[in-house]
Amino acid sequence: MAEESVGPHSIEAFRHGYEEESRLRGFRSGCGFVTATWVLVCPRCGIRDLVEADLGSTGRLVAYTVQTVPSDEFLNDAPYAYVVVDLDGGGRVTGWMAGITEESELAAGDRVRFSPTYKPGVQFVRDRPNGGGP
Amino acid sequence: MRETWVVGAATTRYGKLPDSGREAATRVALEAIDGSGIDPKRIGYTFVSNAFGVAERQAHVGPLINTALGIPDVPSATIESACSSSSAGLHEAFVHVAGGFADAVLVVGVEKLSHLDTLTATSYFAMGADYPFETRNGATFPGLYATLAYVHRQKYGTTSEELGAIAVKNHANAARNPHAHFQKEITLETYLRSPVIASPLRLYDCCPFSDGAAAVVVAAREAAGTPSSEPLVIRASARSGSVADMQDRLDLTGLPATRTAAVAAFRQAGIGPDAVDFLEVHDCFTIAEVLALEDLGFYPKGAAARAGPEGETARDGRLPVNPSGGLKAKGHPVSATGAGQVVEIFEQFNHRAGARQVPKTEWALAHNVGATGGSCSVHLFSHR
C-alpha cells in the first residue's frame with residue numbers, strides 16, 4: 001500500500017525521498033539555481049515559484065573528508081567519508097560514504113551514486129560504469 | 001548615533017569551570033561592572049548568550065544572573081548565534097547604546113560542556129549545523145571545516161605544515177595567557193604526529209571543548225564618566241549572514257558572511273585593513289584562521305596560509321593574529337568566545353597583556369563566526 005503522500009514543500013518529504021523512494025529531491029529556481037535543501041523562496045534570486053525536481057542519483061565528488069570522530073548517530077560507522085557531491089541532475093548535496101578509512105581512497109572528481117541503506121541520511125557509494133556496487 | 005565604548009571586561013580562565021555556567025557568568029559580569037565604574041543601576045539591558053544551556057538543564061538564565069547581580073528589574077534576553085552568540089550580543093548592546101535606548105548594557109557569554117563526554121559534546125556542537133541536511137548526513141564540525149580545508153588545499157596548495165604553523169603560533173600565545181585553556185607550547189613535529197580527526201585536519205588543528213564565561217560592559221561616552229581603564233571605542237559593529245548550508249554554496253574557498261561583514265565594518269569605521277594593528281579572529285580550526293585573514297581582506301585568496309610559517313602573524317610580527325591564543329589554544333566556550341575576544345583586546349589596549357602584549361594597539365578587529373558562516377560578526381575598536 002502506498003504511503004500517505006507528503007507535500008513536496010516539507011523537510012519530511014526530503015526524508016521520505018531519501019529513505020522510502022530512493023530519490024534525491026530538490027527545487028529548481030527560475031534563475032537557474034538548484035537546491036537540495038528545504039526552502040520556500042530561492043535563496044539566490046528571491047522568487048517563490050520553485051519547481052520541484054528530481055536531481056538524479058549520480059554525480060561527482062567536489063570535496064570530502066574522512067572523519068574518525070563521529071557524532072553520536074554515526075558512532076558505529078567511523079571512519080567514514082563526509083562528501084560534497086555535484087549531481088548530474090543539477091544541484092549540490094552532502095552525504096556520507098561508508099568504509100572509507102583513508103583520504104587516498106577517494107579523489108575530487110570521482111563518480112558516486114546515491115545508494116540508500118537501512119540508515120537515515122544521504123549515503124553514496126562509488127559509481128561503477130557497469131552499475132556495480134562498491 | 002552616540003559614541004559607544006567598552007568600559008569593562010572580564011573573563012574566567014577557559015578550560016573546566018569548577019562551578020555552574022550561571023555562577024561563572026554572574027561572577028565575570030560583576031567583575032566587568034566593577035571594573036567599568038558604571039553604576040549597575042544605569043544598566044538598561046543584559047544580553048546573555050548560553051547556546052548550550054540545556055546541557056545544564058537551564059534556559060532563560062538572564063533573569064537569574066540579573067537577580068544575583070542585584071539588578072532584577074533590568075530586562076534581559078538570550079542571544080543565540082551558535083559560536084558567534086556573544087558577539088551578536090555585543091552588536092545588540094551597541095545598537096541599544098548608540099541608538100539611545102540604553103546608557104549602558106551588560107553582555108555576558110557562558111558555556112559549560114566539560115561534564116559531557118567527547119561524543120556527546122561533539123553532538124552538541126553539531127547542533128549548530130543543519131540537522132536534516134548536514135548532521136544527519138554524517139557531518140561533524142571538524143568535518144565541515146575539513147571539507148573547506150580540502151577545497152583550499154586543492155585550489156591553493158595549502159599544506160599541513162602551513163596549518164601546523166598556525167597551531168604552533170596560537171599555542172605559543174596561549175602559553176603566555178593565564179586565561180587560556182592550553183598553556184603549553186607545541187612543536188610542528190607534535191602537530192604532525194597528532195591523529196587525523198577529519199582529513200586533512202588533525203587533533204592540533206582543532207579547538208578544544210572549553211568551559212568559560214566572559215562579560216563586557218558597553219556604555220555611551222556621556223554615561224561612562226571617567227573610566228578607570230582605557231575604553232575601547234566601538235568604531236564598527238557589523239553582522240552578516242550567508243546561505244547556511246555548505247551544499248548551497250558554489251564557492252567553498254571562504255566564508256561569504258565574513259566578506260560582507262568585513263566590508264560593512266570597514267565602511268562604518270572609515271578605515272581599511274592596513275590600519276588594523278592586531279586581530280582576534282575565529283580560528284575554531286587552523287584553516288578557519290586562513291579563511292578569516294583572506295575573507296577579511298588582509299591577504300589575497302590563497303595567500304594567508306604562508307603567514308604562519310613566515311611569522312607575519314606572530315605576536316611580534318607585522319600583523320599579530322590571535323595574541324590570546326585564539327579559539328584554537330585559548331579555547332572555545334562557544335557562547336563566551338565573542339565576548340572573550342573583546343576582553344583580550346581590552347587588556348591589550350590597556351597594556352595589561354603581559355608576555356603576550358602586542359606592540360601596537362591603535363586599532364583592533366574582532367571576528368566571530370557562527371557555525372560554518374551562516375552568521376558572522378566583525379567589530380573594529382580604536383582608542384578615544
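In chain A of this predicted model, three strands make up an open sheet in the order 2-1-3, and the pairing is antiparallel. Strand 2 and strand 3 (51-54) sit at the edges of the sheet with one partner strand apiece, so each has a side with no neighbour in the sheet. Zooming in on one of the pairings, strand 1 and strand 2 of chain A run antiparallel and are joined by 2 bridges. Phe27(A) takes part here, with Thr35(A) in strand 2 of chain A as its bridge partner.

Stepping back to the domain level, chain A is assigned two domains: domain 1 covers 11-54, and domain 2 covers 58-126. Taken over C-alpha atoms, the centres of these two domains of chain A are 20 Å apart. Where the domains meet, 10 residues of domain 1 of chain A are in contact with 11 residues of domain 2 of chain A. On the domain 1 side, the elements giving two or more residues are helix 1 (11-20), strand 1 (25-28) and strand 2 (34-35) of chain A. Chemically, that side of domain 1 is a mix, with 4 nonpolar, 3 polar and 3 charged residues.

Next comes the contact between the chains. Chain A and chain B put in 32 residues each. For chain A, two or more residues come from each of helix 1, strand 4 (58-67), strand 5 (80-87) and strand 6 (92-97). Helix 1 of chain A thus turns up twice: it gives residues to the side of domain 1 that touches domain 2, and it also gives residues to the side of chain A that touches chain B. By class, the chain A side of the contact with chain B breaks down into 19 nonpolar, 9 polar and 4 charged residues.

Over in chain B, helix 4 (residues 118-126) has Tyr124(B), Phe125(B) and Ala126(B) as buried residues. What do the buried residues of helix 4 of chain B pack against? Their packing partner is helix 5 (141-156) of chain B.

As for confidence, the average pLDDT of chain B is 97, and 100% of its residues score at least 70. For the complex, the predictor gives an ipTM of 0.93 along with a pTM of 0.96.

Notes. Residues numbered from 1 in each chain as written. Chains lettered and ligands numbered in written order. Predicted model: local features only at pLDDT ≥ 70, side-chain atom pairs only at ≥ 80, totals over all residues. Domains from an automatic or database assignment. Contact = placed C-beta atoms within 7 Å. Helix = DSSP H or I, 4+ residues; strand = E, 2+ residues; numbered from the N terminus. Nonpolar A, V, L, I, M, F, W, Y, C, P; charged D, E, K, R; others polar. Buried ≥ 20, exposed ≤ 12 C-beta atoms within 10 Å, placed from the backbone. pLDDT = per-residue confidence, 0-100. Pairing = 2+ DSSP bridges.
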